[in-house]
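Please open the model in your viewer and keep the sequence panel beside it. We will go from stop to stop, with something to select at each one.

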Amino acid sequence: MKYKICIILLVALICTVLMTSCGEEEGTKIVIAGSTSVQPYAEILSEDYEALASEIKVIINGGGSSAGISAVMKNVADIGMSSRSLNEKESGLWSVEIAKDGLALIIHPDNPVTNLSIEQIRGIYTQEITNWSELGGVNHKIHVISREEGSGTRSAFSDMVMDGARITPKAIVQNSNGAVRQLVSGDKYAIGFISLGLVEHQDGLKPVKGLSINGITPIRENVINGSYNLFRPFLFVSNKEPEGTVKDFIDFILSEHGQQILIDEGLISVSPEKEIG
């Protein structure tokens, strides 16, 4: 089932890329595809880059980490975005970490629960724990929300939290962090996991509450100092070491200016000593 979903996402992604890039002159575009967690940050970076290099058009599509990596392997995209580490089959690809991102468990602000252990979270996602009253909350069924198969966010959550256990098939599955956030912000009994940057940056959206894990608050500073250990890499992936405009774009992201953009958006720089504020 997992591979079927990945193939469907990849086919949809290829069609989208081909339609989007139609009409662009060869050599004037950079095609990027993959993780919906990385996508909004890549879009912000591309706007700044295009302002500096007006002759370059950066085309960005989502589809999930696995679909983005597959798009690179099939030469459909110049850069694949991944919010998980590469697996053994993908280890031959060129990759660079552009930032780190915390993974946050979120609930509705009106939910009185403030802290959970990793074991309790795992229990929720395997449905060994099904009621908030078992966790010091109200007497109501827990509404479990998850990301889809092939998502880097789900892969990171499975690796860091589930310890080999399977996420319940009864979970409500969403195909982006934004969709998970929106559901949780409107449901007092829901729980979900999203990019930490989306918790800290409310941007006029309905608020959500990030749960402390084993007593540690989910904030960027705690990822930097090592006390909050739920975090994953944001990677750019390519078939070979980038050259030309693709290299220039990646160099821009890794520059002090590019890293500051990512810091301002709530991510953790690849050079933490450069963190400001």
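How many aromatic pairs does the count come to? The rule is that rings of Phe, Tyr and Trp (its six-membered ring) pair if their centres lie within 6.5 Å; planes under 30 degrees apart count as stacked, over 60 as edge-to-face and the rest as tilted. By this rule there are seven aromatic pairs.

Before the first selection, a word on the ground rules. This is a predicted model, in which local features need pLDDT of at least 70 and side-chain atom pairs count only at pLDDT 80 or more, while totals for chains, interfaces and linings use all residues. Residues are numbered from 1 along each chain as its sequence is written, and side-chain values use heavy atoms, with hydrogens and water left out.

**Whole chain**

Start with everything shown as a cartoon. You should find ten helices and eleven strands; helices (H or I, at least four residues) and strands (E, at least two) are DSSP runs, numbered from the N terminus. Of the 277 residues in the chain, 51% are buried. Here buried means under 20% relative accessible area, exposed over 50%, and partly exposed in between (1.4 Å probe, protein chains only). If you switch on the surface, the chain exposes about 12,800 Å², and carbon and sulfur atoms supply 51% of it; these areas come from the Shrake-Rupley method with a 1.4 Å probe, and for residues only the protein chains shown count as cover.

**Stop 1: an aromatic pair**

Select Tyr49 and Phe249. Their ring centres are 5.1 Å apart and their planes at 65 degrees, so the pair is edge-to-face. Tyr49 sits in helix α2 (residues 39–52) and Phe249 in helix α9 (residues 244–254), 200 residues apart, so to speak of distant parts of the chain being linked is apt. Both Tyr49 and Phe249 are buried. Now add Phe236 and Phe252: ring pairs link these two with Tyr49 and Phe249 into a cluster.

**Stop 2: strand β11**

Next, select residues 231–238, which form strand β11. Seven of its eight residues are buried, so the strand is largely enclosed by the rest of the structure. Which strands pair with β11 in the antiparallel sense? One is β3 (residues 79–82), over three bridges, and another is β4, over eight bridges. Two strands count as paired if DSSP finds at least two bridges between them. To see single positions, show Gly80 opposite Val237, then Trp94 with its bridge partner Ser238.

**Stop 3: helix α4 and the largest core**

Select residues 118–126, helix α4, where Ile118, Ile121, Gly123, Ile124 and Tyr125 are buried. Those buried residues pack against several elements, including β4 (94–107), α5 (152–162) and β8 (190–195).

Two of them, Ile124 and Tyr125, belong to the largest nonpolar core, which has 37 residues; along with Leu105, Phe157 and Ile191, they touch the most other members. A nonpolar core is a set of buried Ala, Val, Leu, Ile, Met, Phe, Trp, Tyr and Cys residues joined through side-chain atoms within 4.5 Å. The strand β4 gives the most to this core, with five residues.

Centre the view on Tyr125. Leaving aside its neighbours within four places in sequence, Tyr125 is in contact (heavy atoms within 4.5 Å) with a set of residues that includes Leu105, Val144, Phe157, Arg166 and Ile191. A second, separate core of 26 residues includes Val38, Tyr41, Ala42 and Ala53.

**Stop 4: two loop residues**

Just after α4, click on Gln127, in the loop between α4 and β6. Gln127 has a positive phi of about 70 degrees although it is not a glycine, and at 27% relative accessibility it counts as partly exposed. Then move to Asp163, in the loop between α5 and β7 (172–174). Asp163 also is not a glycine and has a positive phi, about 55 degrees. Is Asp163 buried or exposed? With a relative accessible area of 63%, Asp163 is exposed.

**Stop 5: Arg220 and Ala179**

Finally, select Arg220 in helix α8 (residues 220–224). Arg220 is buried, with a relative accessible area of 10%, and its side chain reaches the backbone oxygen of Ile263 at 3.3 Å. End on Ala179 in helix α6, which counts as buried at 17% relative accessibility. The C-alpha atoms of Ala179 and Ile145 are separated by 9.9 Å, with their places 34 residues apart along the chain.

How values were computed
A polar contact is a pair of N or O atoms within 3.5 Å; within protein, one must be able to donate a hydrogen and the other to accept it, and residues adjacent in sequence count only if both atoms are side-chain atoms.
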